[in-house]
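Colleague: Please take me slowly through how one helix packs against its neighbours, and then through the sheets. I am new to this, so please explain each term when it comes up.

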Amino acid sequence: MKKLSSILLAFLFLVGCSNSPKVEEAKTTTMEEPSQTSEVYSVNVVVVGAGGAGMAAALSAKENGTEVVVIEQMDYVGGNTSRAEGGMNAAGTVFQKEKGIEDTAEAMIEDTIKGGKELNDKELVTFLAENSSPTVDWLTSIGMDLSDIGQGAGATNARMHRSSDGAKVGSVLIPVLTENLEKNDITVLKGTKATKIITDEDGKVAGIEAVSNDKTITINSNAVVLATGGFGANEELFVKYREDLAGFTTTNHPGATGSGIILAQEVGADTVDMDKIQTNPTVEVTTQTVISETVRGKGAIFVNQSGERFTSEMQTRDVLSAEILKQNEKYAYLIFDQRVMDSMKALQTNYEKGIITKGQTLEELASALEIDEKTFKASMEKWNSFVANQKDEDFGRDKGMDEDLSKAPFYAIKVSPAVHYTMGGVKINTNTEVINTEGKVIPGLFAAGEVTGGVHGGNRLGGNAVADIMVYGRQAGIKVSEYVKTLTSIETVLPTKEKTEAPSEKGSLKDGTYEGVGKGNEEGLKVSVTVENGNITDIAILESKETPSIFDGAKDVIVSEIIKTQSTEVDIVTGATNSSNGLIEAVNNAIEGAK
Ligand code: ADP
């Protein structure tokens with residue numbers, strides 16, 4: 001979106017100038033860059049990062065009467081949240097009650113602290129658990145389906161909430177949040193990266209500096225909410241804290257660079273648990289697709305290349321990562337049957353993606369995996385007998401063994417551990433206020449989500465990331481609103497979509513936001529197309545499994561061309577034929593609904 005952003009910013013600047021005297025143009029001169037244009041805007045609250053935490057914070061701030069802008073460094077929203085698989089942990093929810101599952105906040109606190117090796121900030125955990133059920137209600141009220149419940153590893157009770165069709169939770173949550181931001185008229189400035197938190201002479205937060213292409217943007221504000229996510233895609237940073245992870249791959253999106261942590265540190269923020277980094281044990285080896293632990297919860301087992309089980313599959317993620325890395329080949333096969341396959345849409349999608357090996361019989365699967373047939377069959381038979389007796393005599397597994405693996409065909413996914421989640425980050429209290437190295441609140445600086453540390457301690461339980469970003473994102477919106485209401489309100493002067501993006505002539509499409517899916521190199525290239533005044537004004541990538549290095553450049557060109565020409569009959573980008581076609585197909589599918 002680089003190209004598009006620069007066009008938009010130039011345009012918004014011109015329009016903004018004529019409409020608002022507050023928008024200023026200034027020339028700054030630095031040693032490195034002789035001359036740079038800057039733009040100045042203002043709003044009560046700036047939220048940095050448009051992942052789950054940032055979008056929840058923005059929405060909740062707006063609900064609480066506070067004007068807010070979201071800035072996002074990438075040209076699409078969603079961050080790592082888009083990739084969240086399993087679900088959202090919550091205790092004592094209406095959905096659990098409906099299903100007769102007895103669960104309490106106390107049990108969730110206990111599990112979280114046990115899973116976190118007792119390193120968690122107990123107050124943060126207590127707030128998380130106690131507010132998990134109300135947050136599920138809140139999400140339900142804005143259109144999120146969390147009515148299905150799964151069993152997560154390390155959880156005493158089934159409390160991992162997700163959509164009834166078993167889709168990846170992130171792929172449902174981000175569109176719901178995006179839609180609500182639209183509905184609430186919250187501006188998201190994409191392709192805009194925060195580079196500095198501005199503070200006044202008393203150390204109070206006074207805004208943000210950002211860059212968008214070659215422009216510097218200053219947004220004066222009363223408060224800033226950092227929701228910039230973790231640093232799992234920044235090898236230099238994670239190796240700084242954990243040398244043993246040098247060379248690890250990552251499951252994270254490319255924007256997970258930890259820049260928010262650095263920005264916060266520059267204004268004195270303290271950090272906690274920076275060396276606590278979770279590697280996910282079940283990452284498909286060729287595409288880095290995370291395979292949810294729900295698959296194991298539903299009965300899947302691990303075998304190694306020799307066809308032998310080697311651990312209880314329901315142990316915490318760190319233990320399982322270590323167990324897999326102890327195997328000669330440093331990978332494992334996750335084995336399941338048609339029953340498990342039928343119960344999970346995410347698995348069916350992965351099968352279509354070509355990352356699951358199938359065998360009509362156990363022999364056929366063993367042969368496809370080049371595993372010794374006899375050993376493999378013996379492992380499967382033994383496992384099924386453990387299930388029948390409800391006793392895992394080899395490794396003491398006691399969960400996710402309600403049903404055996406006997407319904408042909410059989411399946412395998414080759415998995416190994418990769419850096420998945422950074423537990424550490426900026427220190428906050430339960431008001432989401434950022435704490436400095438002297439233990440004091442930094443006035444006007446709030447943070448929520450993976451950028452913060454303390455909630456998960458030494459290890460995060462599956463399902464607790466979405467709980468964290470939603471509970472604390474929402475809390476950040478509430479608390480930042482309370483804070484700014486004690487100060488003189490700042491007039492909102494922002495580039496609005498109407499001013500910036502809508503072409504002057506009325507087009508023929510129906511206004512609204514439409515989603516469409518296309519197939520590039522991979523299935524599931526999902527876009528959200530915004531139509532305003534009859535014209536396409538925005539195309540956001542909601543989901544993509546395309547190779548970023550190929551797709552990102554092509555996407556910028558194609559999105560810009562479609563918006564410019566108001567047509568999907570645009571040239572494909574050389575070197576990215578499939579991705580280009582997939583994107584065009586997704587936009588075409590989306591605007592079908594707008595005709
Ligand atoms: P969380 O799960 O905590 O919401 P995500 O990874 O989902 O975190 O989202 C964080 C978002 O913040 C990502 O979309 C990322 O690109 C964005 N981000 C990170 N650093 C910056 C920055 N300096 N300026 C703007 N956006 C940022």
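Modeller: What follows starts with the helix packing and then turns to the sheets and one buried residue.

This is a predicted model, in which local features need pLDDT of at least 70 and side-chain atom pairs count only at pLDDT 80 or more, while totals for chains, interfaces and linings use all residues. Residues are numbered from 1 along each chain as its sequence is written, and side-chain values use heavy atoms, with hydrogens and water left out.

The helix to look at is α5, residues 122-130, where helices (H or I, at least four residues) and strands (E, at least two) are DSSP runs numbered from the N terminus. Helix α5 packs with α16, which covers residues 464-485, at an angle of about 90°, and their axes lie 10 Å apart; axes are lines fitted to C-alpha atoms, for helices over the stretch in contact, and angles run from 0 to 180 degrees between N-to-C directions. The angle makes α5 roughly perpendicular to α16 (under 35 degrees is roughly parallel, over 145 roughly antiparallel, 65 to 115 roughly perpendicular, the rest oblique). On the α5 side, E123, L124, F127 and L128 meet N464, A467, D468, V471, Y472 and Q475 of α16, contact meaning heavy atoms within 4.5 Å. By class, the residues of this contact divide into six nonpolar, two polar and two charged (Ala, Val, Leu, Ile, Met, Phe, Trp, Tyr, Cys and Pro are nonpolar, Asp, Glu, Lys and Arg charged, and the others, Gly among them, polar).

Helix α5 also packs with α4, residues 105-115, and here the axes come within 9 Å and cross at roughly 140°. That angle makes α4 oblique to α5. Helix α4 passes α5 in a right-handed crossing (left-handed if the near helix is turned anticlockwise from the far one by less than a right angle, right-handed if clockwise). From α4, the residues A105, M108, I109, T112 and I113 meet K122, V125, T126, L128, A129 and E130 of α5, and this contact has seven nonpolar, two polar and two charged residues. L128 therefore takes part in the contact with α16 and in the contact with α4.

Turning to the sheets, an open one of three strands runs in the order β5-β7-β6 with antiparallel pairing (strands pair if DSSP finds at least two bridges between them). Strands β5 (88-89) and β6 (148-150) stand at its edges, each with a single partner strand, so one side of each has no neighbour in the sheet. Strand β7, residues 160-162, pairs with β6 in the antiparallel sense over three bridges, and M160 in β7 is the bridge partner of G150.

M160 is also among the residues touched by T294, alongside G86, R162 and M344, not counting residues up to four places away in sequence. T294 lies in helix α10, residues 294-297, and is buried, with a relative accessible area of 3% (buried means under 20%, exposed over 50%, partly exposed in between, with a 1.4 Å probe and protein chains only).

Another open sheet has six strands in the order β8-β4-β3-β12-β21-β20, with mixed pairing. Its edges are β8 (187-189) and β20 (433-435), each with a single partner strand, so one side of each is left without a neighbour in the sheet. From one strand to the next the twist averages 35°. Strand β4, residues 68-71, pairs with β8 in the parallel sense over three bridges, and V69 stands opposite T187 in β8.
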